[in-house]
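Dear colleague,

I am passing the structure below on to you, and I hope that the notes after it will help you find your way around. Please have the sequence and the 3D view open side by side as you read.

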Amino acid sequence: MIEVKKLVKRFGLKTILRGVDFSVEPGEFVALLGPNGSGKTTFLRILASLSRASMGSVKVAGYSLPNESAQVRAKLGVVTHMPLLYPDLTAEENLQFYARMYGITNFQSRITLVLEMVGLENRRKDLVRTFSRGMQQRLAIGRAVIHDPEVILFDEPYTGLDQDASEMLDDVLRTVAATGRTVVMTSHDLARAEDLATRFDILSRGVITATATQKELKKTNLLTFYKQALVE
Amino acid sequence: MSSAFRLPPSAAPRFLAKPTFFKATMAIVQKDLAAEFRSRELLSAMLVFSMLVILIFNFALELDIKVRQSVTAGVLWTTFAFAGTLGLNRSMAVEKDRGCLDGLLLAPVDRSAIFFGKAISNLAFMLIVEAIVLPLYALLYNEVRIFQPAFLGVILLGSIGYIAVGTLLSAMSVQTRTRDVLLPILLFPVAIPVLLASVKASGGLLNNATFAEILAPLNLLIVYDIVFIAVAFMVFDFVVEE
């Protein structure tokens, strides 16, 4: 579903990603972990076609970037720590706008389904600026899945959420994963990543230093695995 | 709680059509207008600023009727240019500050549709401001000839050119930390031809110039509009990409 080979990203003289090799099978939930500045967000932005690789090849859902970026974007949903929503529009109007941008026909029924999924059907007519941070993040997930993407990228989705909102987001993420979608999530929250993901990749100083599946991790725990990978 | 989050199955009937350039452009225009008419942040700032500029000119110049007629085009275009810059900055900053620019860029449409959508809504805001400023100017300066159709046509042509180049440059400057300062610094030098041609053409119309006399600035306006719309269409994808 995702295939990245020898990916390099430079900003001027600074090299952020130094030859990343990464592949994800359909239906996998991969947690991409690493310290601040390791290049996680840059990596996800390249997968999302928001940034261009300096070197290397990237294929998402069978299409290569950057040449087939529109096809990739049609198969992709992205959730970041920012909700990408318009505060002066209602929840429904925000989803209507994105539905039109994705060419969705009969979007009213789709919007109702998505709002039910994220538990905001009773707030559909309320302005997004009146929503709590947690509600905005749930609506952001609704926005990201409005076009039924095959791949969903989550970049630090828990940033700024309180305990209750984080638990609600856990439920939404589990449901998304249960539908067989391919998910890549970056996070600093090892406990949540361990609970949700089926595979763990550690990105450190611009390279993937270790990979383990949930089964492989049963011999040890994620924190130990993470610390060892950073030392290596 | 989990049961509340039932995701529609992926095997649901197909509801996706290929988004068209026109539909995406219109979706952006509709979204911008709906958000602005609800918040009125951008329009009110542009309007108050324009009225202040007109008032300041009125008191500062204290001109007799004859001289007033000769400065009308200059005063109006200075006002429109400053107010337009304010609107251009704010319009793109709204997208950037909440990450919505990324939301637009993630849509599977030709990215120049984003340029056209933003440019049309920016133009609509500028025309609304102009529609309010012109009667105010006529009242303060006792100048009713600015309502002649040809004069309004020049204002439309000048506004299109100014917004076309302004939208492109605001997409560029919004990526920087000094965007508020950077946009006018980038925009005014590039917009000099359109502002000069607009002042010349509209001034000529007010001073009863013949059509042949205003043909050159009119041609320049039309060519400028076409060139900058074409340039923006071709380069917008590169401007917004990291």
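Let me begin with a single residue, Ala124(B), which counts as partly exposed because 16 other C-beta atoms lie within 10 Å, fewer than the 20 or more that a buried residue needs but above the 12 or fewer of an exposed one. Please keep in mind throughout that this is a predicted model. Ala124(B) is found in helix α5 of chain B, and its C-alpha atom is separated by 21 Å from that of Ala138(B), which lies 14 residues away along the chain.

The chain around that residue is built from helices: chain B has eight helices and zero strands, so that its pattern, read along the sequence, is α-α-α-α-α-α-α-α. The C-alpha trace of chain B spans about 75 × 35 × 35 Å along its principal axes, and of its 242 residues 43% are buried. If one takes the contacts in chain B between residues at least 6 apart in sequence, 83% of them join residues at least 24 apart.

The helix that holds Ala124(B) also takes part in a helix pair that I would suggest you look at. Two packed helices are described by the angle between their axes and the distance between the axes. Here helix α5 (residues 112-141) of chain B packs with helix α6 (residues 149-173) of chain B at an angle of about 135°, and their axes are 9 Å apart. At that angle α5(B) and α6(B) are oblique to each other, and the crossing in which α5(B) passes α6(B) is right-handed. On the side of α5(B), the residues that meet α6(B) are Phe115(B), Lys118(B), Ala119(B), Asn122(B), Leu123(B), Met126(B), Leu127(B) and Glu130(B); among their partners in α6(B) are Ile155(B), Ile163(B), Gly166(B) and Leu168(B). The residues of this contact of α5(B) with α6(B) divide into 10 nonpolar, four polar and two charged. As background to such spacings in the sequence, an α-helix has 3.6 residues a turn, so residues three or four places apart point the same way.

Turning to chain A, you will find eight helices and 10 strands. Its C-alpha trace spans about 50 × 40 × 30 Å along the principal axes, and 49% of its 232 residues count as buried. A compact globule with 232 residues would have a radius of gyration near 17 Å, and the 18 Å of chain A therefore agrees with that expectation. Of the contacts in chain A with a separation of 6 or more, 67% are accounted for by residues 24 or more positions apart.

Chain A has a helix pair of its own to compare by eye, in which the axes of α3(A) and helix α5 (residues 133-145) of chain A come within 9 Å and cross at roughly 25°. With that angle, α3(A) and α5(A) are roughly parallel to each other, and their crossing is right-handed. Ala91(A), Asn94(A), Leu95(A) and Tyr98(A) in α3(A) meet Leu139(A), Gly142(A) and Arg143(A) in α5(A), and by class this contact has four nonpolar, two polar and one charged residues.

Elsewhere in chain A, Pro35(A) sits in the loop between β3 (29-33) and α1 (40-47), where it counts as partly exposed because it has 13 C-beta neighbours inside 10 Å. Leaving aside its neighbours within four places in sequence, Pro35(A) is in contact with Ser204(A) and Leu230(A). The helix after that loop, α1(A), is mostly covered, with six of its eight residues buried, including Phe43(A), Leu44(A) and Ile46(A). After α1(A) comes Ser49(A), whose phi is positive, near 65°.

Finally, there is the contact between the two chains, which takes 42 residues from chain A and 35 residues from chain B. On the chain A side, α2 (69-74), α3 (91-101), α4 (107-117) and α6 (163-178) each supply at least two residues, and the largest share, six residues, comes from α6(A). The residues on that side of chain A divide into 20 nonpolar, 10 polar and 12 charged.

With best wishes

Methods:
Residues are numbered from 1 along each chain as its sequence is written. Chains are lettered from A and ligands numbered from 1 in the order in which they are written. This is a predicted model: local features need pLDDT of at least 70, side-chain atom pairs count only at pLDDT 80 or more; totals for chains, interfaces and linings use all residues. Axes are lines fitted to C-alpha atoms, for helices over the stretch in contact, and angles run from 0 to 180 degrees between N-to-C directions. Helices (H or I, at least four residues) and strands (E, at least two) are DSSP runs, numbered from the N terminus. Angles under 35 degrees count as roughly parallel, over 145 as roughly antiparallel, 65 to 115 as roughly perpendicular and the rest as oblique. A crossing is left-handed if the near helix is turned anticlockwise from the far one by less than a right angle, and right-handed if clockwise. Two residues are in contact if their C-beta atoms, placed from the backbone, lie within 7 Å. Ala, Val, Leu, Ile, Met, Phe, Trp, Tyr, Cys and Pro count as nonpolar, Asp, Glu, Lys and Arg as charged, and the others, Gly among them, as polar. The radius of gyration is taken over C-alpha atoms; the globule rule is 2.2 Å times the number of residues to the power 0.38.
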